[in-house]
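Grab a pencil and get ready to work through a few exercises. Each task comes with a solution that goes step by step.

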Amino acid sequence: LFTSTGFAAYVDNLLVRMVNPFLCDGVARVTRDPVRKLGWNDRLIGAMRITLAEGGEPQRLAMGAAAALRQLPATDSADGQPGEPLAALLTALWQADSPPPDEVAVLSAWLAQGQRELARWNRGEW
């Protein structure tokens, strides 16, 4: 998979799946299990880590992660803002992985920015 040929085959497969009208991948299924998707090595956070390691800026991934964070019960407040401090929530999510504190700090900053951008987008300011 992690070769030019492998990536090309993966992209081709994704493009076929994206336009298939019979694969109704609804929002409810895509947003299911946000805890797993926010795992240290999983979909959103893992992709952010790879992006940062390659010198990129994971702005959109951070917004996606911020949206996933809002799906967690601890962050379900009336105004849509986190009900629990971000650092405490992330510490609980990533505890088993024992991530390096410096990398946690960088990701936390990106997630905080993602939360701000998502809030702006929700208010129609983006």
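Here are the exercises, all about a predicted model.

**Exercise 1: The overall fold**

Work out how many helices and strands the protein chain has, and what pattern it follows along the sequence.

*Solution.*
- Step 1: Start with the secondary structure, which comes to seven helices and zero strands.
- Step 2: Now read along the sequence, and the pattern of the chain is α-α-α-α-α-α-α.
- Step 3: For burial, take the 126 residues of the chain; 28% of them are buried.
- Step 4: For contacts, look at those between residues at least 6 apart in sequence: 53% of these join residues at least 24 apart.

**Exercise 2: Helix H4 against helix H5**

Decide whether H4 and H5 run roughly parallel or antiparallel to each other.

*Solution.*
- Step 1: Know what to look for: two packed helices are described by the angle between their axes and the distance between the axes.
- Step 2: Find the two helices, H4 at residues 43–53 and H5 at residues 59–70. They pack at an angle of about 160°, and their axes are 9 Å apart.
- Step 3: Angles over 145 degrees count as roughly antiparallel, so H4 and H5 are roughly antiparallel to each other.
- Step 4: Add the handedness: the crossing of H4 and H5 is left-handed.
- Step 5: List who meets whom. From H4 come Leu44, Ile45, Ala47, Met48 and Thr51, and they meet Leu61, Ala62, Gly64, Ala65 and Ala68 of H5.
- Step 6: Sort the residues of this contact, and you get eight nonpolar, two polar and no charged.

**Exercise 3: Helix H5 against helix H7**

Find out how H5 is oriented towards H7, and which kinds of residue make the contact.

*Solution.*
- Step 1: Take the angle and the distance: H5 and H7 pack at about 80°, with 7 Å between their axes.
- Step 2: Angles from 65 to 115 degrees count as roughly perpendicular, so H5 is roughly perpendicular to H7.
- Step 3: Look at the contact itself. Residues on the H5 side include Gln59, Ala62, Met63 and Arg70, while the H7 side includes Trp110, Leu111, Glu117 and Trp121.
- Step 4: Sort the contact residues of H5 with H7: 11 are nonpolar, five polar and two charged.

**Exercise 4: Pairs of opposite charge**

Find how many salt bridges the whole structure holds, then take a look at some of them.

*Solution.*
- Step 1: Recall that side chains of opposite charge can pair when their charged atoms come close.
- Step 2: Search the whole structure, and five salt bridges turn up.
- Step 3: Begin with Asp42 and Arg43, whose closest N and O atoms are 3.1 Å apart. Asp42 is partly exposed at 23% relative accessible area, and Arg43 is also partly exposed, at 47%.
- Step 4: Widen the view: Arg36, Asp42 and Arg43 are linked in a network of salt bridges.
- Step 5: Move on to Glu117 and Arg120, with 3.1 Å between the closest N and O atoms. Both lie in H7 (residues 101–122), three residues apart, which is about one turn of the helix.
- Step 6: Check exposure in that pair. Glu117 is buried, with a relative accessible area of 14%, whereas Arg120 is partly exposed at 30%.
- Step 7: Finish with Glu125 and Arg123, which meet in a salt bridge at 2.9 Å, N to O. Glu125 is partly exposed at 44%, and Arg123 is exposed at 52%.

**Exercise 5: Three single residues**

Is each of Lys37, Asn41 and Ser98 buried or exposed?

*Solution.*
- Step 1: Note the cut-offs: buried means under 20% relative accessible area, and exposed means over 50%.
- Step 2: Lys37 sits in helix H3 (residues 34–37). Its relative accessible area is 13%, so Lys37 is buried. Lys37 and Ala68 are 31 residues apart in sequence, with 7.9 Å from C-alpha to C-alpha.
- Step 3: Asn41 belongs to the loop between H3 and H4. At 57%, Asn41 is exposed. Beyond its neighbours within four places in sequence, Asn41 is in contact with Gly46, Arg49 and Asp97. The C-alpha atoms of Asn41 and Asp97 are 8.6 Å apart, though 56 residues separate the two along the chain.
- Step 4: Ser98 lies in the loop between helix H6 (86–94) and H7. With 59%, Ser98 counts as exposed. Ser98 also has a positive phi of about 45°, although it is not a glycine.

Definitions and conventions. Residues numbered from 1 in each chain as written. Predicted model: local features only at pLDDT ≥ 70, side-chain atom pairs only at ≥ 80, totals over all residues. Heavy atoms only, no water. Salt bridge = Lys/Arg side-chain N within 4 Å of Asp/Glu carboxyl O. Buried < 20%, exposed > 50% of the residue type's maximum accessible area, 1.4 Å probe, protein only. Helix = DSSP H or I, 4+ residues; strand = E, 2+ residues; numbered from the N terminus. Axes fitted to C-alpha atoms, helices over the stretch in contact; angles between N-to-C directions. Parallel < 35°, antiparallel > 145°, perpendicular 65-115°, else oblique. Left-handed = near helix turned anticlockwise from the far one by under 90°. Contact = heavy atoms within 4.5 Å. Nonpolar A, V, L, I, M, F, W, Y, C, P; charged D, E, K, R; others polar.
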